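Got the viewer open? Here's a walk through this structure, one selection at a time.

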Amino acid sequence: MPHLRDYVRTLAAQRWLLVAALLAGALLGLAWQQRQWPRYRAEATLLLQSGAGAALSEDYAMLLQRQHLAATYAQLLSDWPVAEDAAHSLGLAGSDAWADFGVRIRVEPVRDTSLLRLSVDSYDPNLAWDIARTLPEAFARLQAQAQAQRSAALQRSFDAQMQAAADDVAATQRSLAQVAPSAADSAEARRLQQALQRDRLTFDLLLRSREQARVALLTPAGLMVISPPRRPHAPLPTLSPALAGLIGMTAGLLLALAVVLLLHQLDDTIRRLDDLQAALDIPALAALAALDGESPAQRVVMLHAPLSPAGEGYRVLRTNLQFSAVARPLHTLLITSAGPAEGKSTTAANLALALAQAGRRVILVDADLRRPSQHRLFGKPNNLGLSAALLHPTRPLPDFVCESGVSGLGLLLAGPLPPNPAELLASRRMQQIVADLAAAADVVIFDTPPTLIAADALILAAQMDGTILVTDQGRTRRVLAQQALARLVAVRARLLGAVLNRDSSQRGYDSPVYAEAPAPALTSPARRRLWWRIKPVV
């Protein structure tokens, strides 16, 4: 689960991005403020007039209806048909031409009243005033046209219904006239008289309804200008450059924060020892600091600066390994990683030096027969090494071990690259080499290819007394580290723990105690070949 300190570290790591976002936001805000032209506003106040049928004393329902009607008129007044009519009245091709003048029309009902507030903004003060003056007139014209169309349609409908009612009355009268005088009191005569009364009543109702509708349509609800617009003389207030820059900085910072935190949330790489132990469920042996410099020699910190803060992590790793070997001796140690470029070779070299500096007899074996790197780290030629020892079983093993320049540390480099490294590492000859090296030294460290790249590490891991998995902070993904761990567990490797490499949180003390000092090298009188202790190969 992410901690607050993780977010703080992420923000601290991306501080230059945040600073750049602040500056970019400020510049964009200032540029936007400079490109804003002055705007002028013309305002008018309109009154919503009720129709002739409205009561003088209105109840709450009527007030709500009037407010809804005001909101409807506000929407219609700013809609495109009214704008088009107003534009044609001003001699323009249409309301689309207003965009070049930055025209903005806004109509808002005044709360708890029957008033509408019309405001028109434009770069041109005269155009703003003309539009504010013309819009109510255009709305009235369109409303009158629509009202006339509704009146005509309603008149036609009433006329048709009244004609049908008159026809019914006439038909009923004819039927009643045909009834004989002797049957005047009959049931049929009474039915016809009732039908005649009903038809006459229907005709009278239609007549009264038509008159009421005509009166209502003569005085419909409309808008009356209460406060006509004034020609604007001063532009609207605009943002000051300082405020525009501040808004831009805030927006840029918020955007950068969102991006950084989103990337942090999506990041599934291992970044802390807690993440490492939670992801793999194995001990976290040490957190190694990032090494300065890009050259191979600079990465061997235990050789040229063993007392530096970066070297302290390897001493911690050495101590933890010594505690791990209390119950079971640790003579052979395999170091691997999930993927390439995660620091396994550098870790193997520095750990070998740390053990040698503690008085242990160590042999470092570069078992990466695909992309070896120990010869570059120690500056040695790679013309003789493990591949040659595998291909020449009759030659003594000490002939393939070279000096490292540090007392107690010997190097068995990779040698020429073979075409079948996995087959060579799985051979009986390799098992014999492992046994002979373990008998000749206190600790033999094997630097192997990444676990997910080749099967070489899995082949050797089953023969080792212990295995260390190296992870790289911010580079090794949790799922890949878990896959590498699963493969090692499948071959029954003894996993001692994992190491977090290039941990940015590791800092040393600025103390003279940690001043860089060269590693002790063998002097000429004391320089001897390391394999004088190695037993001859039978």
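## Starting at helix α18

This is a predicted model. Begin with helix α18 and show its surroundings: the cover over its buried residues includes α8 (273-280), β6, α17 (456-461), β11 and β12. Now, which residues of α18 are the buried ones? Pick out A481, A484, L485 and L488. They sit on the same side of α18 because they span an arc of only 100 degrees around the axis.

While you have α18 selected, check its length: 13 residues, reaching 18 Å from the first C-alpha to the last, close to the 18 Å expected at 1.5 Å a residue. Step past the end of the helix to R492, where phi is positive, near 65 degrees.

## Into strand β11

Next, select β11 and colour it by burial. This strand is mostly covered, with 7 of its 7 residues buried. How are its two faces arranged? G466, I468, V470 and D472 lie on one side, T467, L469 and T471 on the other, and all of them are buried.

Bring in the strands beside it:

- β6 runs parallel to β11, joined by 5 bridges. Label S337 and you'll find V470 of β11 opposite.
- β12 also runs parallel to β11, joined by 6 bridges. Here T471 stands opposite L500 in β12.

To get from β11 to β12, trace the chain through helix α18 (residues 478-490); this β-α-β crossover is right-handed.

## The whole eight-stranded sheet

Zoom out to show the full sheet. It is open, has 8 strands with mixed pairing, and reads β5-β12-β11-β6-β10-β7-β9-β8 in order. Where does it stop? The edge strands are β5 (284-289) and β8 (402-403), each pairing on one side only.

For another pair inside the sheet, take β7 (residues 362-366) and β9 (residues 409-412): they run parallel, with 4 bridges between them. A handy label here is I363, which stands opposite G410 in β9.

Now add two helices that pack on this sheet. Select α11 (residues 309-324), which touches β5, β6 (332-337), β11 (466-472) and β12 (495-503). Its direction makes about 165 degrees with that of β5. Then select α12 (residues 344-357), which touches β5, β6, β7, β9, β10 (443-447), β11 and β12. The direction of α12 makes about 170 degrees with that of β10.

## A stop at H375

Jump to helix α13 (residues 374-378) and find H375. Is H375 buried or exposed? Its relative accessible area is 14%, under the 20% cut-off, so H375 counts as buried. Show its contacts next: leaving aside neighbours within four places in sequence, H375 touches D366, K380, N382 and L413.

## The four-stranded sheet

Move to the other sheet on this tour, an open one of 4 strands in the order β2-β3-β1-β4, with antiparallel pairing. Its edge strands are β2 (104-109) and β4 (222-227), and each pairs on one side only. Look along the sheet for the twist, which averages 30 degrees from one strand to the next.

Pick β2 and β3 (residues 115-122): they pair in the antiparallel sense over 6 bridges. Label P109 and its bridge partner in β3, L116. Then add helix α5 (residues 125-177), which packs on the sheet and touches β1 (40-49), β2, β3 and β4. The direction of α5 makes about 135 degrees with that of β3.

## Helix α2, one face at a time

Select α2 (residues 15-35). This helix has 21 residues and reaches 30 Å from first C-alpha to last, close to the 30 Å expected at 1.5 Å a residue. Colour its buried residues: L18, A21, G25, A26, G29 and Q33. Look down the axis of α2 and these residues fall within an arc of 130 degrees, so they line one face of the helix. Flip to the other side of α2, where W16, L23, L27, L28, Q34 and R35 are exposed.

## Back out to the full chain

Finally, show everything. The chain's secondary structure comes to 18 helices and 12 strands, and buried residues make up 40% of its 538 residues. If you build a contact map, residues 24 or more positions apart account for 80% of the contacts with a separation of 6 or more.

Notes. Residues numbered from 1 in each chain as written. Predicted model: local features only at pLDDT ≥ 70, side-chain atom pairs only at ≥ 80, totals over all residues. Heavy atoms only, no water. Pairing = 2+ DSSP bridges. Contact = heavy atoms within 4.5 Å. Axes fitted to C-alpha atoms, helices over the stretch in contact; angles between N-to-C directions. Buried < 20%, exposed > 50% of the residue type's maximum accessible area, 1.4 Å probe, protein only. Right-handed = clockwise from strand over helix to strand, strands pointing away. Expected span 1.5 Å × (residues − 1). Arc of directions from axis to C-beta.
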